[in-house]
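Q: I would like to learn how to read a protein model feature by feature. Could we take one structure and work through it together?

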Amino acid sequence: MDNGNSTSGDPNDRDLNIINARIPGSDVGTDTRVDLSIRAGRIVSVTPSLSTTSVSASDTADTDTADTIDADGLWVIPGLWDCHTHFTQWSKTLGRLDLISARSADEAMAMLRAHLDERRAAGTLDPNAFVVGMRFRHSLWSDDQQPTLAAIDAVTGEQPVALSSADMHCGWVNSAAARRLGVHVDEKTGLVGELEWFDAYTQFDKAPGAAEETDRLLREAERDAAGKGVVGIRDYEMAENIDTWIRRFASGIDRLRVAAGVYPERLQQAIDDGWRTGKELPGSRGLGTVGAMKLISDGSLNTRSAYCSTPYSGIEPPTYGTLSYTPQQIEEYMRLATEHGFDIACHAIGDEANTIVLNAAERTRAHGSIEHAQMLKRSDIPRLAQLGLDASIQPQHAMDDRDVITRFWAYPAGIPYAFRSLYDAGTRLRMGSDAPVAPLDPWMAISAAVFGTENSDREPFQPEQCLPVDVALAASTAAGRDHLEAGDPADLVLLDTDPYEARTPEEMRAMPQHVSMTFVGGRRIL
């Protein structure tokens, strides 16, 4: 499996010494400091610092050819990864209407009306262009405050407007947008179902000027990620990703390592083109590689389409959710991927979907990860480790869904968000955000995994499933550990506070404010 270690770095970068850096989590009363030597984008040594006070560049080796940075007691950790993103869509949340704070359909429409009025006043509202909104969460709204076609039409008129749900598994569109997209819209709710919505959503990127705007937002999103200590992402954008990232690296969008995922419908073409997981993207200077085959086996909890073995509570007529592919198709795609050198990254949320996916992985000897693994039967929890599969988890989803779970999974046949159970069973954990479903912010994920709550005023959700800090931090790195070693890529972060000293979720979520420097392959990107 590609773990971000395949890069050779940038041969044009100067060598680097980082001296006098502290190791987080050191024993109380100690002040463990190290010096790091970086050559050709890799760490060649991590040695005890020559002094616990500032040392001069003349005290380090090869100073005639290497730059030196005195960390002066800053804490050093491996660079952080977000192991599940839809990076283009996350980037666009930086420039689109964000409805995550709306607590009802009325509030969402009030926010939309204000957004439209503001753009009209600024002269930036093109009556022929889509207005796109993101991240409404109707699963948390009361039954009398659900989306309706009448409500969105009343606010928007003939201006085409399309709003994506927080989990991106459905859209709320007005009549004008439905006509232009050519989608079937429920005449009562205004909602477009998930499979049709996945296809429709890509049409927004084809509008005039969209490419230039996307590039601008991608660069902004890279800067934002670097400011949080992020050095790499796994990008599962629902699009063609390999050629897209080759073009992006060529245009200078190159502050992050990227593993570019491939969807099943594009897998055969990728195979024919000679790609496989871990293969370097040309022109990326080792920063870009081909990622896993991303297969979406079922829906989501919030749209009540995650495939479960028991019916959803409070829903009539009863529903168990839906599979996106038949079990046979899932197995066939896994076999094709495995036989041609691709890892799998299989989205599975409902307990029955997870069983089906694990069965297919066992029969095909697939390698890779189960994405989300959101509800697992007790008998399936040990199977990931037994099959050598990683669990790619998104802890912030547990915070977002804790109230939805009690509403729709009141009688689950499995354990939702079984983070600690998976870890105790020997499963390797990888953490991410599923951005834009949750913000691209590993510290938010770490906080959710460790404290089980977003704020100190609310009790932890399933405290028995919380993780130790070192485990959560390690799951947010490429190497799967919380410290740097010789031979690692020179992807690292310098912090002005020790993350192990964060005693509350508020303190852990504030860690981006304490990121002083971020390096990728020895190149400083922040």
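Q: Where is the place of P317 in the chain?

A: This is a predicted model, and in it P317 sits in the loop between β14 (288-296) and α9 (327-339). The peptide bond that leads from E316 to P317 is cis, with omega near -5°.

Q: How should I read a cis peptide bond, and which other one can I look up here, ending at P436?

A: As a general idea, most peptide bonds are trans. In this structure the bond from A435 to P436 is cis, with omega near 15°, and P436 belongs to the loop between β20 (429-431) and α14.

Q: What does a positive phi tell me, and what is the phi of M168?

A: Most residues other than glycine have a negative phi. M168 is not a glycine, yet its phi is positive, at about 65°. M168 lies in the loop between β9 (161-165) and β10 (171-173), and with a relative accessibility of 7% it counts as buried, because the cut-off for that class is under 20%.

Q: Where is A373, and is it buried or exposed?

A: A373 is placed in the loop between β16 (368-372) and β17 (375-376), and it is buried, its relative accessible area being 3%. A373 also has a positive phi, of about 40°, although it is not a glycine.

Q: Let us move to the whole chain. How many helices and strands does its secondary structure contain?

A: The chain comes to 16 helices and 23 strands. To judge how such a chain is packed, one can set its radius of gyration beside the value from a rule for globules: here the radius is 23 Å, close to the 24 Å that the rule gives for 526 residues, so the chain is as compact as a globular protein of that length. Along its principal axes, the C-alpha trace spans about 75 × 60 × 55 Å.

Q: What share of the residues is buried, and what share of the contacts joins residues at least 24 apart?

A: Buried residues account for 58% of the 526 residues in the chain. For contacts, one counts pairs that are at least 6 apart in sequence, and of these 73% join residues at least 24 apart.

Q: What can be said of the surface and of the charges?

A: The accessible surface of the chain is about 20,300 Å², and 49% of that area belongs to carbon and sulfur atoms. For the charges, one can compare the mean position of each sign: the chain has 49 positive and 78 negative charges, and their mean positions are 2 Å apart.

Q: Into which domains is the chain divided?

A: The division gives domain 1 (9-73 + 484-525), domain 2 (87-211) and domain 3 (297-475). The C-alpha centres of domain 2 and domain 3 are 27 Å apart, and the contact between these two takes 19 residues from domain 2 and 22 residues from domain 3.

Q: How do I read the surroundings of a single residue, and where is W409 found?

A: A useful order is to look at the place, then the burial, then the contacts. W409 is found in the loop between α12 (395-408) and β19 (415-416), and W409 is buried, with a relative accessible area of 5%. Apart from neighbours within four places in sequence, its contacts include L301, Y312, I349, M375 and P416. Of these, M375 is 34 residues away from W409 along the chain, and their C-alpha atoms are separated by 9.8 Å.

Q: Where does T453 lie, and which residues does it touch?

A: T453 lies in the loop between α14 (442-451) and α15 (469-474), where it is buried, with a relative accessible area of 4%. Not counting residues up to four places away in sequence, T453 touches several residues, among them M399, R402, R458, P505 and R509.

Q: As a last case, in which strand is the place of S392?

A: S392 is in strand β18 (residues 390-393), and at 1% relative accessibility it counts as buried. Leaving aside neighbours within four places in sequence, S392 is in contact with C83, H84, S369, I370, E371, H372 and R430.

Methods: Residues are numbered from 1 along each chain as its sequence is written. This is a predicted model: local features need pLDDT of at least 70, side-chain atom pairs count only at pLDDT 80 or more; totals for chains, interfaces and linings use all residues. Side-chain values use heavy atoms; hydrogens and water are left out. Helices (H or I, at least four residues) and strands (E, at least two) are DSSP runs, numbered from the N terminus. The radius of gyration is taken over C-alpha atoms; the globule rule is 2.2 Å times the number of residues to the power 0.38. Buried means under 20% relative accessible area, exposed over 50%, partly exposed in between (1.4 Å probe, protein chains only). Contact means heavy atoms within 4.5 Å. Accessible areas come from the Shrake-Rupley method with a 1.4 Å probe; for residues, only the protein chains shown count as cover. Lys and Arg count as positive and Asp and Glu as negative; His and the chain ends are not counted. The place of a charge is taken as NZ of Lys, CZ of Arg, CG of Asp or CD of Glu. Domain bounds come from an automatic or database domain assignment.
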